[in-house]
Amino acid sequence: VERTQEDVNFMFKGPVELLLAKREQYEAWEGYFEAVRDYWVTRATLRVASGGPLPGDGQPLVPVVGPAQVLPSGSDSGREPGHHHHHHREQP
């Protein structure tokens, strides 16, 4: 996406190619999150079927991907999720 944005900036590619690259990026993240979900569902099913803890159950979980890797960077990156800046007009 970053390289495509550079190509758009230099007018080597158009905005349609940038949108397609961004869509592919989101599809890749979606696939990643689905794989992680499937892993944990399968692990929970295996734990129930085995009737006890699995190897690594006592280890602390360390996040590999966090919000900074998923959310787009920009001027809003310092804000907390769910908090939006709104302009309010004064009531007469």
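Let's start with Tyr32. Tyr32 is partly exposed, at a relative accessible area of 32%. Keep in mind that this is a predicted model. Why does 32% count as partly exposed? Because buried means under 20% and exposed means over 50%, with partly exposed in between.

Now look at the ring of Tyr32. Which residue does it pair with? The partner is Trp29. Their ring centres are 5.8 Å apart. The planes stand at 85°, and the pair is edge-to-face. The cut-off for that label is over 60 degrees.

How far apart are Trp29 and Tyr32 along the helix? Both sit in helix H2, three residues apart, so about one helical turn separates them.

A third ring joins in. Trp29, Tyr32 and Phe33 make up one aromatic cluster.

Next, move along to Tyr39 and Trp40. This pair is edge-to-face too: the centres are 4.9 Å apart and the planes are at 80°. Buried or exposed, or something in between? Tyr39 is partly exposed, with 44% relative accessible area. Trp40 is also partly exposed, at 40%. For the whole structure, the count is five aromatic pairs.

Back to Trp29, for a second reason. Trp29 is one of the residues lining the second largest pocket. The volume of that pocket is about 230 Å³.

What else lines it? From the start of the chain come Val1 and Glu2. Then there are Lys22, Gln25 and Tyr26, along with Trp29. The rest of the lining is Gln69, Val70, Leu71, Pro72 and Ser73.

Which helices supply at least two lining residues each? They are H2, spanning 15-50, and H3, spanning 67-70. H2 gives the most, with four residues.

And the chemistry of that lining? Six residues are nonpolar, three are polar and two are charged.

Last stop, Lys13. Where is it? Lys13 lies in the loop between helix H1, which covers 2-9, and H2. Lys13 is partly exposed, with a relative accessible area of 38%. Which residues does Lys13 touch, leaving aside those up to four places away in sequence? The contacts are Thr4, Asp7 and Val8.

To recap, three places to find on the model. One: the cluster of Trp29, Tyr32 and Phe33. Two: the second largest pocket, with Trp29 in its lining. Three: Lys13, in the loop between H1 and H2.

Note on methods. Residues numbered from 1 in each chain as written. Predicted model: local features only at pLDDT ≥ 70, side-chain atom pairs only at ≥ 80, totals over all residues. Heavy atoms only, no water. 1 Å grid on protein atoms, 1.4 Å probe; cavity = no way out; pocket = protein on both sides within 12 Å on 5 of 7 lines; lining within 4 Å. Points joined across faces, edges and corners; volume = space filled by probe spheres on them. Nonpolar A, V, L, I, M, F, W, Y, C, P; charged D, E, K, R; others polar. Phe/Tyr/Trp six-rings, centres within 6.5 Å; stacked < 30°, edge-to-face > 60°. Buried < 20%, exposed > 50% of the residue type's maximum accessible area, 1.4 Å probe, protein only. Contact = heavy atoms within 4.5 Å.
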